[in-house]
Amino acid sequence: MNTYQTAGFYYQTANADASSGTNYPTAQAGSLIVQKSAGVTQQYHVYGSANIIYIRAYYNSAWSPWRLVYHTGNSPYDTEAEIDAAVANNGYSI
């Protein structure tokens with residue numbers, strides 16, 4: 001995955017080929033969107049699930065860790081108050 005730095009759309013059809021040793025965020029097939037800016041941003045959408053999306057960035061010759069994107073389809077929080085509390089506990093603000 002680290003070599004995909006040209007903007008575009010890519011895909012992986014086999015779970016077996018999406019092993020953690022090749023820098024996939026999960027060992028599941030899916031599609032990859034690569035965006036170019038000051039660095040590179042990758043979004044990995046797990047096949048068969050609109051709810052599982054990972055994102056990471058490449059900047060200053062280093063990749064950030066993959067992060068699971070939370071949204072209304074997969075949030076572990078039930079209310080806006082729970083989201084606000086989780087954000088505050090992590091030192092962030094909205």
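Read from the N terminus onwards, the chain runs through the pattern β-β-β-β-β-β-α. The model is a predicted one, and its secondary structure amounts to 1 helix and 6 strands. Of the 94 residues in the chain, 24% count as buried. The accessible surface of the chain is about 6400 Å², and carbon and sulfur atoms hold 51% of that area. Among contacts with a sequence separation of 6 or more, 25% come from residues 24 or more positions apart.

A good place to start is the interior. The largest nonpolar core is made of 10 residues, namely M1, A18, Y24, L32, V34, V40, Y44, V46, Y54 and W66. Two elements, β2 (30-36) and β3 (40-46), each give two or more residues to this core. Strand β3 gives the most, with 3 residues. In soluble globular proteins, nonpolar side chains tend to be buried together. One of the core members, V46, is in contact with T26, Q28, A29, G30, I52 and Y54, when neighbours within four places in sequence are left aside.

Strand β3 also holds a residue of another kind, Q42. With a relative accessibility of 0%, below the 20% limit, Q42 counts as buried. What lies around the side chain of Q42? A polar atom of this side chain lies 2.9 Å from the backbone oxygen of M1, and the backbone oxygen of Y4 also lies 2.9 Å from a polar atom of the Q42 side chain. Beyond its neighbours within four places in sequence, Q42 is in contact with M1, Y4, L32, I33, V34, Y54, I55, R56, W63 and W66. Several of these names return below, and M1, L32, V34, Y54 and W66 are among the members of the nonpolar core.

The next residue to consider is Q43, likewise placed in strand β3. The side chains of Q43 and H45 are joined by a polar contact of 3.4 Å. Not counting residues up to four places away in sequence, Q43 touches S31, L32, I33, Q35, Y54 and I55.

On the neighbouring topic of strand β2, G30 deserves a look, as its place is in that strand. G30 has a relative accessibility of 7%, so it counts as buried. Its contacts outside the four nearest places in sequence are Y11, Q12, Y44, H45, V46 and Y47. Two of these, Y44 and V46, belong to the nonpolar core. G30 and I52 are 22 residues apart along the chain, and their C-alpha atoms are separated by 9.8 Å.

Attention now turns to the aromatic side chains. A search of the whole structure finds 3 aromatic pairs. In one of them, Y58 and W63, the ring centres are 4.9 Å apart and the planes are at 50 degrees, so the pair is tilted. An angle of this kind falls between the stacked arrangement, under 30 degrees, and the edge-to-face arrangement, over 60. A pair of aromatic rings is described by the distance of the centres and the angle of the planes. Y58 has 22% relative accessibility, so it counts as partly exposed. W63 has a further partner in R56, which lies over the face of the ring at 3.8 Å from the ring centre.

R56 also leads to the start of the chain. The side chains of R56 and N2 are joined by a polar contact of 2.7 Å. N2 is found in the segment before β1 and is partly exposed, with a relative accessible area of 27%. Leaving out residues up to four places away in sequence, N2 touches N23, R56 and W63. N2 and Y24 are 22 residues apart in sequence, with 9.0 Å between their C-alpha atoms.

Finally, which backbone angle marks N23? Its phi is near 70 degrees, a positive value in a residue other than glycine. N23 is found in the loop between β1 (8-12) and β2, and with a relative accessible area of 32% it is partly exposed. N60 has a phi near 55 degrees, again a positive value in a residue other than glycine. This residue is found in the loop between β4 (53-59) and β5 (62-63). N60 is exposed, with a relative accessible area of 63%.

Notes: Residues are numbered from 1 along each chain as its sequence is written. This is a predicted model: local features need pLDDT of at least 70, side-chain atom pairs count only at pLDDT 80 or more; totals for chains, interfaces and linings use all residues. Side-chain values use heavy atoms; hydrogens and water are left out. Rings of Phe, Tyr and Trp (its six-membered ring) pair if their centres lie within 6.5 Å; planes under 30 degrees apart count as stacked, over 60 as edge-to-face and the rest as tilted. Buried means under 20% relative accessible area, exposed over 50%, partly exposed in between (1.4 Å probe, protein chains only). A charge sits over a ring if NZ of Lys or CZ of Arg is within 6 Å of the ring centre and within 35 degrees of the ring normal. Helices (H or I, at least four residues) and strands (E, at least two) are DSSP runs, numbered from the N terminus. Contact means heavy atoms within 4.5 Å. Accessible areas come from the Shrake-Rupley method with a 1.4 Å probe; for residues, only the protein chains shown count as cover. A nonpolar core is a set of buried Ala, Val, Leu, Ile, Met, Phe, Trp, Tyr and Cys residues joined through side-chain atoms within 4.5 Å. A polar contact is a pair of N or O atoms within 3.5 Å; within protein, one must be able to donate a hydrogen and the other to accept it, and residues adjacent in sequence count only if both atoms are side-chain atoms.
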